[in-house]
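Here is a quick walk through one model, with its pockets first and its sheets after. Have it open on screen as you read.

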Amino acid sequence: MSEHKASISWKRNGPDFVKGKYSREHTWSFDGGVTVPASPSPSVVPAPWSNAANVDPEEAFVASISSCHMLTYLWLASKQGFEIESYEDTAVGAMTKNERGVPWVSSVTLNPKIIYGGSKKPSEEEIEHLHHDAHAQCFISNSVKTNVLVAS
């Protein structure tokens, strides 16, 4: 079907690598030419070995779920004749420990705020159905075991 690539680049810049005293800042580069500064979350690796201004893997994971859900929702809504003027989401990922005591992003809650245009407006039931179908058809949600919820 298709392949999706990302290039990760990191170089040591501290004298005490074996003692854990080195920056974990790195970059993610994508085939479209965008390079994103990345770092571990400061909640996992404290400063100065992380950089809170950079994107961390957990944030990117939450954003990819939110983005995929939105894109699928927009497509499904358009197919049903609903016009969407804007879609905003502040998604929140919760980290917990699994049965082995290993931290993982166990849930992502989406908080979409959608403004509909045009004369045809969806009912609450239709909106709920669109979110259900968007989740069921989202490539990312189908690729992970994290529980994805849509807050109402």
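A word on residue classes before the pockets: Ala, Val, Leu, Ile, Met, Phe, Trp, Tyr, Cys and Pro count as nonpolar, Asp, Glu, Lys and Arg as charged, and the others, Gly among them, as polar. By that scheme, the lining of the largest pocket splits into 11 nonpolar, 6 polar and 2 charged residues.

This is a predicted model, where local features need pLDDT of at least 70 and side-chain atom pairs count only at pLDDT 80 or more, while totals for chains, interfaces and linings use all residues. Residues are numbered from 1 along each chain as its sequence is written, and side-chain values use heavy atoms, with hydrogens and water left out.

**The two pockets**

A pocket here is an open set of points on a 1 Å grid over the protein atoms alone, where a 1.4 Å probe fits, with protein on both sides within 12 Å along at least five of seven lines; lining residues have an atom within 4 Å of a point. Grid points are joined across faces, edges and corners, and a volume is the space filled by probe spheres set on the points. Helices (H or I, at least four residues) and strands (E, at least two) are DSSP runs, numbered from the N terminus.

| Pocket | Volume | Lining | Largest share of lining |
|---|---|---|---|
| Largest | about 630 Å³ | 19 residues | helix 1, 7 residues |
| Second largest | about 440 Å³ | 17 residues | helix 2, 6 residues |

In the largest pocket, the residues nearest the centre are His-4, Lys-5, Phe-30, Ser-64 and Ile-140. Strand 1 (6-9), strand 2 (26-30) and helix 1 (57-79) are the elements that give two or more residues to its lining.

For the second largest pocket, look around Ile-127, His-131, Val-150, Ala-151 and Ser-152, the lining residues closest to its centre. Strand 7 (112-117), helix 2 (124-137) and strand 8 (147-150) each supply at least two residues of that lining. By class, the second largest pocket is lined by 9 nonpolar, 5 polar and 3 charged residues.

Lys-5, one of the residues nearest the centre of the largest pocket, also forms a salt bridge with Glu-3. The closest N and O atoms of that pair are 4.0 Å apart, and a salt bridge is a side-chain nitrogen of Lys or Arg within 4 Å of a carboxyl oxygen of Asp or Glu. The structure holds 1 salt bridge. Both Lys-5 and Glu-3 are exposed; on this scale buried means under 20% relative accessible area, exposed over 50%, and partly exposed in between (1.4 Å probe, protein chains only).

**The 1-2-3 sheet**

Two strands pair if DSSP finds at least two bridges between them. One open sheet has 3 strands in the order 1-2-3, with antiparallel pairing. Strand 1 and strand 3 (35-38) are its edge strands, each with a single partner strand, so one side of each has no neighbour in the sheet. The twist averages 25° from one strand to the next, with axes taken as lines fitted to C-alpha atoms and angles running from 0 to 180 degrees between N-to-C directions.

Strand 1 is joined to strand 2 by 4 bridges, and Ser-7 has Ser-29 in strand 2 as its bridge partner. Another 4 bridges link strand 2 to strand 3, where His-26 stands opposite Ala-38. Strand 2 and strand 3 form a hairpin with 4 residues between them, and Gly-33 in the turn has a positive phi of about 105°.

Side chains alternate along strand 3: Val-36 and Ala-38 point to one face and are buried, while Thr-35 and Pro-37 point to the other and are not. In the loop between strand 3 and helix 1 you'll find Pro-48, joined to Ala-47 by a cis peptide bond with omega about 10°.

**The 5-6-8 sheet**

The other open sheet listed here has 3 strands in the order 5-6-8, and its pairing is mixed. Strand 5 (92-97) and strand 8 stand at the edges, each with a single partner strand, so one side of each lacks a neighbour in the sheet. Strand 5 and strand 6 (residues 103-110) run antiparallel and are joined by 6 bridges, with Ala-94 opposite Ser-107 in strand 6.

Met-95 also sits in strand 5 and is partly exposed, at a relative accessible area of 41%. Met-95 and Gln-80 are 15 residues apart in sequence and 36 Å apart in space, C-alpha to C-alpha.
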